[in-house]
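Please open the model in your viewer, keep a selection box at hand, and follow the stops below in order.

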Amino acid sequence: LSSPFSQSLRLVAPIGNRSTRGIHQLGGAVDPESSQKKRRTMLQYLSDHFYDVEFLRGYFLQNKMDKVHQKNRSFAHLEETHGPNNAGAFFILKQGGAVKFRDKEWIRPDKYGHFSQEFWNFSEVPVEAVDASDCAINYEGLENLHLLKELQSLSLQRCPHMDDWCLSRLYPLADSLQELSLAGCPRISERGLACLHHLQNLRRLDISNLPSVSNPGLTQILVEEMLPNCKVVGVNLAEGLKLGPEEQPQDTDRPIPA
Amino acid sequence: MLPRVLSLGVRRGPLTRRPGTLRGGFSLDWEEKLSEIKKKIQSVLPGTSLHPLYDSSHLPPDHSDVVIVGGGVLGLSVAYWLKKLEKQRGALRVLVVERDLTYSQASSALSLGGIHQQFSLPENIHLSLFSASFLRNINEHLAVVDAPPLDLQFNPLGYLWLASEKDAAAMENNVKVQRQEGAKVCLMSPDQLRNKFPWINTEGVALASYGMEDEGWFDPWCLLQGLRRKVQSMGVLFCQGEVTRFVSSSDRMLTKNQKEVKLKRIYEVHVKMDNSVEYQPVECALVINAAGAWSAQIAALAGIGKGPPDTLQGTKLPVEPRKRYVYVWHCPQGPGLESPLVADTSGTYFRREGLGSNYLGGRSPTEEEEPDPENLEVDHDFFQDKVWPHLAQRVPAFETLKVQNAWAGYYDYNTFDQNGVVGPHPLVVNMFFATGFSGHGRQQAPGVGRAVAEMILEGRFQTINLDSFLFSRFYLGEKIQEDNII
C-alpha cells in the first residue's frame, strides 16, 4: 500500500540519519556511531523536531568553515610591498606554523600566537623550511605557499584540511622541494600521493600514519617505484610478519634493501 | 475500545490452534478474512493518512511549482541550486520525477568519472572549473547535519591528451584558450613525454597537453547520492514514476511582421506510477527536462518538433541515446601509479583504477560503427578489434592484458554539435532544458544546475554565460562545435 518513499514525500522531509538509511551506502567514510550515538541523540532529536535547533547547528557548522576560509585568505597583496618570501612567511606564521629563513633561526609563534616581527626587515632572504604541522591550511592557502620559490623542506604533519586536491597543488615547488612530510594527515589517500610524482627533486618523503590510505604497504612500494631517488619513510613493511628465530628486529624504514 | 479489541486479536501467537485443524479437516480461512478486516479498519483509524476512499501516499502531490523530469545528476543539481538560490526558505516547491530510482541506466553512474578542463569552448572550460571548485568543497555545499561526510575518492592525476601532426596546431590554440580562462594546462613535447611517462610509445604523437590541477576522476555514484541526500534535506520531493503526458494551454500571438506564433504553456504533468495504470496529474508552473538520453521523448510529449521541418515549431530536440562501452582489464606490467587519464590520438582512452594494476578504458566508435542503443549489452568483439590494437600501440605493456569486466552506458548525444542544451524553449515557454551534454554532463552538472536555477530565478545567466547553449541555435543553425569529446 505505502511505498518506501512515502516518507520522503512529506513537505518537510526529516533530516538526519533516519531518512538517509534508505539511500545506498555512500562510498567512503562512515562515522563510528557507537560512542557518539548517545551523545548526539539528544541533539539529533532536537534537530529533527525544531527548525531553530536545525538552523543553529547549520549556522555553527557554517561558522567553523568560514573561520578556516578566513585563515586561508590570499596574502598576494603583501607580495608587492614586502616581497614574496616575507608574504609567504607571514601567512605561515599567522596560521600557527614555523618558518626558517636561510642562515637564520626558526621563527615560531608562541602559545598566544605572537611571533617576532624582525623578518619584515629581511630583504630577499629565501625561506628554506616551513613547519606547518597542525595548521588549518587548505587548498586555497597553498596558493600562498607558491610564493616561496626556494622552499626545501615542508612539513604538513597532522593538518586536518589537507586532502588529495591539495597535494595536486604542490607541483610548483617541484624545483626546490627536497623534503616533505605528510604524516598523520587524516584526509590524504593513495590517490593524492600519486600526484607527488611531479616532485622529482624530493629526497625524503614521510607518509606514516595516514589513516585514509587503504593499503599502506603496497602504497609505499608503489610510491617508491614512482620516485626512484627519494627515500620513502613511514610504513613498517614487516608489520604483522612473524619473525623467525634467526631474524633480528627490523628498523622502521626499508627492512628489505631496495 | 475498538483498538483494544483489535490488539487482543493480534496477540494470538503462532502456537494457538487454528479452527478446524485438529482433525486435519477443512479450515474456514477465518484467519485471513479477519486480518483483512483488521487492516481495513486500521487504515481508517485516526493516526494514519486519512483517506476514507483511497490511499494516495505513494503518488506525487497535486501541485508543484517546478517539476524536474529526470533524477540524474543534472536534475538533482538543478534542484539543489533552485533550493539554494531561492529568495525565501520554502519559496519553491520542487518535485523530481525519476523513472528508475535504482539508477541502473543512469549515464552518470555508469561513466568513467572523469573531469577535465581541456575543452575548446570557453563556456565549457568555465563550467568545468566551477564544477571542480564545487567538488573540492563538496562537504561544505552538500553538508547535511548529522550525516557522514562525502568521500568522492577524487584522483587528481589529470588528463593527458595526445595529438598527432595534423591536430597539433588546434591543440596549441585550445591550450591557449584554456590558459586564458584559468585552467592549469601544460604542453609537452614527445621527448618530455618519454621522460615523464616512460611507458608511452610516442610514435605518431606531435604534442600532448597535460592538465596539472583540478582534473582527474572521481566516484560519480557518491556525487549522485550526496546530491540526493542534500536535496531531500532541503525539502525537495521525490517521486518514482514516468511522465506520460503534458497538458498545455496555448496563446496565439502576432510578431512584428504580423506572423502568427503559437506559444504553449504546460500547466499539468501526468506522472504514471510504476507497473500500474494509475497516474497523478501534477499542476506545475515550470518543467525542467533533465531526462538525459531520453530527453527527446520528453520533448516530443510537449509538442516540440511537431510541425513542418525548417520551422521553429518543427525543430526537434536533437538528443539521442548512444551506447558507449567501458572495459576493465588487468595488466601487471602496466603504467604506474602516476599515470593520468590518457586520451589517445585514435580516440581510445584509459585510466588506472586503484592499487591493483587494473585499468578502465574504452573508445568512442565512429559514426559507422555506432552500436544499437536498444539495450545495454556489451560487445566484446569491439574491444578485440577496435580498442586493443590502439591500446597496445600506444602503451606496449598493454600487449598482454586480461579483460576482467565490461559494461555499457548511454551518452545523451547531441547530434547537432555535441554540446549541451540549456535554457528555455522559445515556443513552449515554461520548459527548460538541461541535457544533451554528450558525455561531459556529469562533470559540468554543478555549473549547469546553477545556470538553469539562475535563469529561472533571475531571468538571465549570471555566473557563467551560457547564451550560446540555448535551444534556438538548432533552428538558426549556429553550431558551437566542441573538439575534445571522447
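Begin by selecting Asn275(B), bearing in mind throughout that this is a predicted model. Asn275(B) sits in the loop of chain B that runs between β10 (260–272) and β11 (279–289). If you inspect the backbone torsions there, you will find that Asn275(B), although not a glycine, has a positive phi of about 55°. With a relative accessible area of 79%, Asn275(B) is exposed.

Move next to Gln418(B), which belongs to the loop between β16 (402–414) and β17 (421–424) of chain B. Here too the backbone deserves a look, since phi of Gln418(B) is near 55°, a positive value in a residue other than glycine. Is Gln418(B) buried or exposed? Its relative accessibility is 12%, and because the cut-off for buried is under 20%, Gln418(B) counts as buried.

Now select Trp407(B), which lies in strand β16 of chain B. Its relative accessible area is 26%, so that Trp407(B) is classed as partly exposed. Which residues is Trp407(B) in contact with, once its neighbours within four places in sequence are left aside? The list comprises Leu110(B), Arg324(B), Tyr325(B), Val326(B), Val328(B), Leu360(B) and Val378(B). For one of these, Val378(B), it is worth drawing a distance line between C-alpha atoms: Trp407(B) and Val378(B) are 29 residues apart along the chain, and their C-alpha atoms are separated by 6.0 Å.

Tyr325(B), which appeared among the contacts of Trp407(B), leads to the aromatic stop of the tour. Over all chains, the count of aromatic pairs comes to 32. In one of them, Tyr325(B) and Phe382(B) have ring centres 5.6 Å apart and planes at 50°, so the pair is tilted. Tyr325(B) is part of strand β12 (residues 319–330) of chain B, whereas Phe382(B) is part of helix α10 (residues 380–394) of chain B, so this pair ties together parts that are 57 residues apart in sequence. Tyr325(B) and Phe382(B) are both buried.

Keep strand β12 and helix α10 in view and add Trp329(B) and Phe383(B), which form a tilted aromatic pair with 5.7 Å from centre to centre and 45° between the planes. This pair again links distant parts of the chain, with Trp329(B) in strand β12 of chain B and Phe383(B) in helix α10 of chain B, 54 residues apart. Trp329(B) counts as buried at 0% relative accessibility, and Phe383(B), with a relative accessible area of 2%, is buried as well. To see the wider arrangement, select Tyr325(B), Tyr327(B), Trp329(B), Phe350(B), Tyr359(B), Phe382(B), Phe383(B), Trp388(B) and Phe398(B) together, since ring pairs link these residues into a cluster.

The next selection is a pair of helices in chain B: α4 (residues 122–136) and α11 (residues 441–457), whose axes come within 7 Å and cross at roughly 100°. Because of that angle, α4(B) is roughly perpendicular to α11(B). On the α4(B) side, show Asn124(B), Leu127(B), Ser128(B), Phe130(B), Ser131(B) and Phe134(B); on the α11(B) side, they meet Gln443(B), Gln444(B), Ala445(B), Pro446(B), Gly447(B), Val448(B) and Arg450(B). Coloured by class, the contact of α4(B) with α11(B) has six nonpolar, six polar and one charged residues.

Zoom out to residues 65–455 of chain B, where UniProt, in an unreviewed entry, places the feature "domain: FAD dependent oxidoreductase". This span is 27% helix and 30% strand, and its end C-alpha atoms lie 15 Å apart. Chain B as a whole has twelve helices and 18 strands, and its C-alpha trace spans about 90 × 75 × 45 Å along the principal axes. Of the 486 residues in chain B, 53% are buried. Among contacts in chain B with a separation of 6 or more, 74% involve residues 24 or more positions apart.

Finish with chain A, whose secondary structure comes to nine helices and seven strands. Of its 258 residues, 46% are buried, and residues 24 or more positions apart account for 65% of the contacts in chain A with a separation of 6 or more. The last residue to select is Glu105(A), in the loop between β1 (98–101) and β2 (106–107) of chain A. Glu105(A) is exposed, with a relative accessible area of 66%, and, leaving aside its neighbours within four places in sequence, Glu105(A) is in contact with Val99(A) and Lys100(A).

Conventions
Residues numbered from 1 in each chain as written. Chains lettered and ligands numbered in written order. Predicted model: local features only at pLDDT ≥ 70, side-chain atom pairs only at ≥ 80, totals over all residues. Heavy atoms only, no water. Axes fitted to C-alpha atoms, helices over the stretch in contact; angles between N-to-C directions. Helix = DSSP H or I, 4+ residues; strand = E, 2+ residues; numbered from the N terminus. Parallel < 35°, antiparallel > 145°, perpendicular 65-115°, else oblique. Contact = heavy atoms within 4.5 Å. Nonpolar A, V, L, I, M, F, W, Y, C, P; charged D, E, K, R; others polar. UniProt positions renumbered as here; feature names shortened; annotations may be inferred. Phe/Tyr/Trp six-rings, centres within 6.5 Å; stacked < 30°, edge-to-face > 60°. Buried < 20%, exposed > 50% of the residue type's maximum accessible area, 1.4 Å probe, protein only.
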